Amino acid sequence: MILGSSAEKKKMVVAGNGLFYPIIGFASCVAFIYMSFGNLGSNFGNQTKLSFVGRNGTQFMLDGKAFYINGWNSYWLMDNSVDEHRKPRVRQILQAGAKMGLTVCRTWAFNDGDYNALQISPGHFNEQVFKALDHVIVEARQQGIRLLLCLVNNLQAYGGKTQYVKWAWEEGVGLSASNDSFFFDPSIRIYFKNYVKTLLTRKNTLNGIQYRNDPTIFAWELINEPRCITDASGDTLQDWIEEMSAFVKAIDKNHLLTVGLEGFYGPKSPKRLTVNPEMWASRLGSDFIRNSKIPNIDFASVHIYPDHWFHDEEFHNNLKFVYKWMRSHIEDGDNELNKPVMFTEYGLSNQNKDFEPSQRVRFYKTILDVIYKSAKKNQSGAGALAWQFFVGGMDEYNDEFGIIPWESPSEYKMMIEQSCRLARLKGPTQQQRNLKDLCSQRQ
């Protein structure tokens, strides 16, 4: 979800789901969770060998086995690693992910011209912030979590394409004041390529490994939720994806690459009429099939926000849409793309007029069940990442979708069960020893 967009997520505290449980029962559940699953991530950093995640057709592969992903979003990891007093939050959420058997966290590897900016101006970087990202990567490996790192935002939060356009305009080289000139202005393309090269070839100050050579990184994502509404044909965005994906692959042949799409079908796709939420979705300059078919794109990405895409739709109808939306994209992965399909964001707002905590549980369950059934049939549905998880004391980073996992026992338990049943399909990989221990306790 794009923070800072016209449909901006409201930064407010979720009215703790735990309040709906008896206090004693809630406390007992939290105690049980932590006593049962303890320090599951603590021994991972002692492993000397770590393999890159690859793909074979529609499946992710790790250590010769199919790798199905259950994970989450915490976009704020780098930003919180800059300040010493906030840095412990990073370990806390990564440890929580490990305790749930989660394997991938999606987070921002950008902050352009904003507070705690990584890129202060084109080609100029804040070393303190880069060291914060170094820390995130090392901490993730220590906890047994891989990272999906996003390279830029579509809109204004943390700078995004708006900041790139502003830089070009300030330097007198910009072709247009339109935010969409990010995709076609030659000067801005050079800015972005310089940023990408600097990031991918960065030598981590804590472990000495260049980012492009670090298997802790699961994959790169070009841009969060790209839209180019000034060219609804999709040609401008398609050209940008083709150029940037080739550029990334020329530097880094180790890691997988995805676009960061929301999953909408474009103006020439028959599914724009039968699957898209509404007609506006085909006029955003993106096209799920066309964009994902680009050879240098290794897997497709899709988001799931029915309560933001429809107006005043009943919850049960939203659930029906979620199932249809997911199954359509999985079929595309199998029949059109021959690539894995990963649902890299899914969330349900607690600001919906009829919201009840049980709805979020049903929403999560619908998504996780589709992924499990797809994996069981060796189909392309390769994983899903919840938006978003955070820890206590982070009101300014929360939105109407966020949860503190250990304060939401139903979701917490469901995520553990999903991790375990996915692992049982093919058996835990070498890097999932902790998951094996976790799941054996639940049999």
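**Exercise 1.** Is Asp63 buried, partly exposed or exposed?

Solution. Step 1: recall the cut-offs, where buried means under 20% relative accessible area, exposed means over 50%, and partly exposed lies in between (1.4 Å probe, protein chains only). Step 2: Asp63 has 31% relative accessibility, so this residue counts as partly exposed. Step 3: Asp63 sits in the loop between strand 2 (59–62) and strand 3 (65–66). Helices (H or I, at least four residues) and strands (E, at least two) are DSSP runs, numbered from the N terminus.

This is a predicted model, in which local features need pLDDT of at least 70 and side-chain atom pairs count only at pLDDT 80 or more, while totals for chains, interfaces and linings use all residues. Residues are numbered from 1 along each chain as its sequence is written, and side-chain values use heavy atoms, with hydrogens and water left out.

**Exercise 2.** Describe the protein chain as a whole.

Solution. Step 1: the protein chain has 14 helices and 13 strands. Step 2: of its 443 residues, 61% count as buried. Step 3: take the contacts (heavy atoms within 4.5 Å). Among those between residues at least 6 apart in sequence, 76% join residues at least 24 apart. Step 4: the accessible surface of the chain is about 16,800 Å², and 51% of this area belongs to carbon and sulfur atoms. Such areas come from the Shrake-Rupley method with a 1.4 Å probe; for residues, only the protein chains shown count as cover.

**Exercise 3.** Place strand 13 among its neighbours.

Solution. Step 1: strand 13 covers residues 381–387, and seven of its seven residues are buried, so the strand is largely enclosed by the rest of the structure. Step 2: look for pairing, which requires that DSSP finds at least two bridges between two strands. Strand 4 (residues 69–73) pairs with strand 13 in the parallel sense over five bridges, and Gly71 has Leu385 as its bridge partner. Step 3: strand 12 (residues 341–346) also runs parallel to strand 13, joined by four bridges. Here Met342 stands opposite Gly383. Step 4: strand 12, helix 12 (residues 357–376) and strand 13 make a right-handed β-α-β unit. Right-handed means that, with the strands pointing away from the viewer, the path from the first strand over the helix to the second runs clockwise.

**Exercise 4.** Which cysteines form a disulfide?

Solution. Step 1: a disulfide is a pair of cysteine sulfur atoms within 2.5 Å. Step 2: the structure holds one disulfide. Cys420 and Cys439 form it, with their sulfur atoms 2.2 Å apart. Step 3: the torsion about their S-S bond is about -95°, so the disulfide is left-handed. Step 4: the pair links distant parts of the chain, with Cys420 in helix 13 (residues 409–426) and Cys439 in helix 14 (residues 433–440), 19 residues apart. Both Cys420 and Cys439 are buried. Step 5: Cys105 is buried at 0% relative accessibility, and Cys150 is buried with a relative accessible area of 0%.

**Exercise 5.** Find backbone angles that depart from the usual pattern.

Solution. Step 1: most residues other than glycine have a negative phi, and most peptide bonds are trans. Step 2: Asp63 has a positive phi, near 55°. Step 3: Asn378 also has a positive phi, about 60°. Asn378 lies in the loop between helix 12 and strand 13 and is partly exposed at 40% relative accessibility. Step 4: the peptide bond from Trp387 to Gln388 is cis, with omega near -15°. Gln388 belongs to the loop between strand 13 and helix 13.
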